[in-house]
Amino acid sequence: MQALVKYATGPGNVEVREMPEPQPGPGQVRIRVEAAGICGSDLHIYHGDIKFPVRPPVIMGHEFAGRIDALGPGVEGLEPGTPVVSETSAYVCGKCEPCRSGRYNLCPERLILGYVYNGCFAPYICVDAFRVHPLPPGVSTLAAALCEPLAVVTHAVLEQGHVRATEVAVVTGPGAIGLLTAQVIAAAGATPVLCGTGVDEPRLALATELGIRHVLNVEREDAAAAIAGLTGGRGADVVFECAGAGTAARLGLSVVKRGGRYVQVGLFGRPIEIDLELLAYKEIQATGAISSHRGSWEKMLALLGSGRVRTEPLISHRFPLGEWKEAFRIFEAREGIKLVFLPE
Ligand SMILES: [Zn+2]
Ligand SMILES: [Zn+2]
């Protein structure tokens, strides 16, 4: 089968090449990939500047949905033909403190699909059956290609940010992650305020179409004043920094209320300068979110199945695997929102 492979470490070293069709081992299922999302981390693997372990040659890609196509020995409770998604933690140690408490997203030995284990930029992928989740009725595999980022966001908003119905939650960075974050905040009954810059105008317009009533272009509007206006001068109850940009982090810490919460979701890729003293002066509770675990996936699928979070409108481009260079170029130029491969 033709697959998109990172074939050696270092910058570049990616190509579509012939790979053997995988066979499901004991406890595994083979999934026929119907849609696979391109993630910022795929670009980092391409450029060779990612912090997680990558072990080439490896088929790239970790965000996908498809249909079960074959069962390995010993698999029960799953049937061929079932539309499914899979978590991306391909290996965790099972022994460390995070693993034992169910937070295996924090396992220091965690290895990820598309980094070390063969990923989803291919017609077929084999994964452990216990990481597989059937899709709720009415959710297409195209919409479900965004399940992995939606699980990350659900983890950030509900499990790390503990958003409550009465709160005003500021989201910086209206990319795919920010657009999903704002929707999960709204689904939790809280009021999201999505902040972007001039280049984000199309994304902010999409947010409005998705029912996010408060969107701010921080280059044109005074964000602090607008957020003060929405909160009776108090400031945001909680901030989700999804841009992975220093300016956005500094904005977030300035608009969060005294005694409020700050959640880092975006990754900067390098150290940034922020005034940590604000944590003391405002008694801000700061945390972050990385990846997701089983609980996040179950909540995410409930949100997607209920229709309160919509992923399909975020898909701006679809490509066959053979057009990966153009897809990566568009993604990097931020011309799209979510780009997906349709591997067949
Ligand atoms: Zn991803
Ligand atoms: Zn572990």
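This section describes two sheets, one helix packing and several loop residues of a predicted model.

The parallel sheet is treated first. Six strands form an open sheet in the order β13-β12-β11-β14-β15-β16, and their pairing is parallel. Its edges are β13 (214–217) and β16. Each edge strand has a single partner, so one side of each is left without a neighbour in the sheet. From one strand to the next, the twist averages 20°.

Two pairings within this sheet can be followed at residue level. Strand β11 (residues 168–172) pairs with β14 in the parallel sense over 4 bridges. Here V170 has V239 of β14 as its bridge partner. Strand β14 (residues 236–241) is in turn joined to β15 by 5 bridges, and these two strands run parallel. In that pairing, A236 is matched with V256 of β15. Strand β15 is mostly covered, with 7 of its 9 residues buried. On another part of the sheet, helix α6 (residues 201–209) lies across β12 (191–196) and β13. The helix runs at about 170° to β13.

The antiparallel sheet has 3 strands. It is open, with the order β2-β1-β4. The edge strands are β2 (14–18) and β4 (58–59), each of which pairs on one side only. Strand β1 (residues 2–6) and β2 pair in the antiparallel sense, over 5 bridges. Within this pairing, L4 has V16 of β2 as its bridge partner. In general, the strands of a sheet pair through backbone hydrogen bonds, in either the parallel or the antiparallel sense.

Two loop features accompany the antiparallel sheet. N13 is found in the loop between β1 and β2. This residue has a positive phi of about 60°, although it is not a glycine. N13 counts as partly exposed because 15 C-beta neighbours lie inside 10 Å. The second feature is a cis peptide bond that joins P56 and P57, with omega at about -5°. P57 sits in the loop between α1 (40–47) and β4.

Helix α10 was examined for its geometry and its surroundings. It covers residues 294–306, which makes 13 residues. At 1.5 Å a residue, the helix should span 18 Å. Its end C-alpha atoms are 19 Å apart, which agrees. Just after α10, G307 takes a positive phi of about 80°. The buried residues of the helix are S296, W297, K299, M300, L301, L303 and L304. Several of the buried positions are three or four places apart in the sequence, as with S296 and M300, or M300 and L304. An α-helix has 3.6 residues a turn, so residues three or four places apart point the same way. The cover over the buried residues of α10 includes β10 (132–134), α4 (147–160) and α5 (176–187).

The packing of α4 against α10 gives one part of that cover in detail. The axes of the two helices are 8 Å apart and meet at an angle of about 105°. That makes α4 roughly perpendicular to α10. On the α4 side, the contact involves C147, L150, A151, T154, H155, L158 and E159. On the α10 side, the residues are G295, S296, W297, K299, M300, L303 and L304. By class, the contact has 8 nonpolar, 4 polar and 2 charged residues. K299 of α10 is among the residues that meet α4, and K299 is also buried.

Two further loop residues lie on either side of α9. G269 is found in the loop between β15 (256–264) and α9. With 12 C-beta neighbours inside 10 Å, G269 counts as exposed. Its C-alpha atom is 33 Å from that of E344, and the two residues are 75 apart in sequence. E283 has its place in the loop between α9 (277–282) and β16 (285–288). Its phi is near 45°, a positive value in a residue other than glycine. E283 counts as exposed because 11 C-beta neighbours lie inside 10 Å.

Definitions and conventions
Residues are numbered from 1 along each chain as its sequence is written. Chains are lettered from A and ligands numbered from 1 in the order in which they are written. This is a predicted model: local features need pLDDT of at least 70, side-chain atom pairs count only at pLDDT 80 or more; totals for chains, interfaces and linings use all residues. Two strands pair if DSSP finds at least two bridges between them. The expected span of a helix is 1.5 Å times one less than its number of residues. A residue is buried if 20 or more other C-beta atoms lie within 10 Å of its own, exposed if 12 or fewer, and partly exposed in between; C-beta atoms are placed from the backbone. Two residues are in contact if their C-beta atoms, placed from the backbone, lie within 7 Å. Axes are lines fitted to C-alpha atoms, for helices over the stretch in contact, and angles run from 0 to 180 degrees between N-to-C directions. Angles under 35 degrees count as roughly parallel, over 145 as roughly antiparallel, 65 to 115 as roughly perpendicular and the rest as oblique. Ala, Val, Leu, Ile, Met, Phe, Trp, Tyr, Cys and Pro count as nonpolar, Asp, Glu, Lys and Arg as charged, and the others, Gly among them, as polar.
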